[in-house]
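Thanks for making time this morning. I would like to walk you through one model, beginning with a single residue and working outwards from there, so please have the structure open in front of you.

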Amino acid sequence: MRLSVTTPRGSLIDTDVEEVSAPGAQGEFGVLPGHIPFLSALRPGVLAYRTKEGERVIAVSDGVLEVAQTSTGEKVLVLVADAKAASGIDREAAVAEMIDAEKKLTDWKGDLGADYQALLAKRTWAEARVNAVAK
């Protein structure tokens, strides 16, 4: 099956895979060849996929994943706001960002509006990158 991971900046991955594991909004799930077509929301986390060369890992932000049958075969299409290969992640910078965001969230005294939600998103994106490096 073909895996395609795309962000607003363009395609990050377009390759044949044997298996995909993704961070669904309702929990982690796997996709193998022959999977039924479906659509799932994604939460920030680790997306892992296996090729003939071995397992690869990327951090993904919020987005969607679609499993579809196309005229050229099975396709797993991932559309996310941001994605980064584990090999290209600066672990120390991601840990520092996660700690900073966590401290700000702990000290938060304001309402739970847009600024708070942006800070939560910053923390979960940093955590996704840290977890991708750890895998």
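Let me start with Thr7, which, leaving aside residues up to four places away in sequence, touches Val80, Ala81, Asp82 and Ala83. I should say at once that this is a predicted model, and that everything I describe today is computed from it. Thr7 sits in strand S1, which covers residues 2–7, and with a relative accessible area of 9% the residue is buried.

Those contacts lead us to the pairing of S1 with S9, two strands that run parallel and are joined by 5 bridges. Within that pairing, Thr6 stands opposite Leu79 of S9, and Leu79 itself belongs to the stretch of S9 that spans residues 73–80. S9 also pairs with strand S8, residues 63–70, but here the strands run antiparallel and 8 bridges join them. One of the partnerships there is that of Leu65 with Val78 in S9, and the connection from S8 to S9 is a hairpin through 2 residues.

Is Leu79 buried, exposed or partly exposed? At a relative accessible area of 40%, Leu79 is partly exposed, and together with Leu39 and Val64 it makes a nonpolar surface patch of about 260 Å². As a general reminder, side chains in a regular strand alternate between the two faces of the sheet.

A second residue to look at among the strands is Gly24, which lies in strand S3, residues 19–24. Gly24 is buried, its relative accessible area being 1%. Which residues does Gly24 touch, once those up to four places away in sequence are set aside? They are Phe29, Ser40, Ala41, Leu42 and Arg43. For Leu42, which is 18 residues from Gly24 along the chain, the C-alpha atoms of the two are separated by 4.4 Å.

Now let me step back to the whole chain. The secondary structure of the protein comes to 2 helices and 10 strands, and the order from the N terminus is β-β-β-β-β-β-β-β-β-β-α-α. The C-alpha atoms fill a box of roughly 55 × 30 × 25 Å along the principal axes. Of the 135 residues, 38% count as buried, and the accessible surface comes to about 7,600 Å², with 52% of it belonging to carbon and sulfur atoms. If we take contacts between residues at least 6 apart in sequence, 53% of them join residues at least 24 apart.

Turning to the helices, H2 runs over residues 114–134, and its 21 residues reach 30 Å from the first C-alpha to the last, close to the 30 Å expected at 1.5 Å a residue. The buried residues of H2 include Tyr116, Leu119, Trp125 and Arg129. What do the buried residues of H2 pack against? Their neighbours are strands S6 (45–51), S7 (54–60) and S10 (83–85), along with helix H1 (91–106).

That brings me to the charged pairs. Side chains of opposite charge can pair when their charged atoms come close, and this structure holds 9 salt bridges. One of them takes us back to where we began, since Asp82, which Thr7 touches, forms a salt bridge with Arg9, the closest N and O atoms being 2.6 Å apart. Asp82 lies in the loop between S9 and S10, and Arg9 in the loop between S1 and strand S2 (10–16), so this pair ties together parts that are 73 residues apart in sequence. Asp82 counts as partly exposed at 23% relative accessibility, whereas Arg9 is exposed at 63%.

Another salt bridge joins Glu97 to Arg129, with 3.0 Å between the closest N and O atoms. Because Glu97 lies in helix H1 and Arg129 in helix H2, the pair ties together parts that are 32 residues apart in sequence. Glu97 is partly exposed at 23%, while Arg129 is buried, with a relative accessible area of 12%.

Within H1 itself, Asp100 forms a salt bridge with Lys104, and here the closest N and O atoms are 3.2 Å apart. Both residues lie in that helix, 4 residues apart, or about one turn. Asp100 is partly exposed at 32%, and Lys104 is likewise partly exposed, at 40%. Finally, Arg2, Asp14 and Asp16 are joined into one network by salt bridges that share partners.

Technical notes: Residues are numbered from 1 along each chain as its sequence is written. This is a predicted model: local features need pLDDT of at least 70, side-chain atom pairs count only at pLDDT 80 or more; totals for chains, interfaces and linings use all residues. Side-chain values use heavy atoms; hydrogens and water are left out. Patches are made of residues with over 30% relative accessible area and no salt bridge: like charges are joined within 9 Å, nonpolar side chains (Val, Leu, Ile, Met, Phe, Trp, Tyr) within 5 Å. Accessible areas come from the Shrake-Rupley method with a 1.4 Å probe; for residues, only the protein chains shown count as cover. A salt bridge is a side-chain nitrogen of Lys or Arg within 4 Å of a carboxyl oxygen of Asp or Glu. Buried means under 20% relative accessible area, exposed over 50%, partly exposed in between (1.4 Å probe, protein chains only). Contact means heavy atoms within 4.5 Å. Two strands pair if DSSP finds at least two bridges between them. The expected span of a helix is 1.5 Å times one less than its number of residues.
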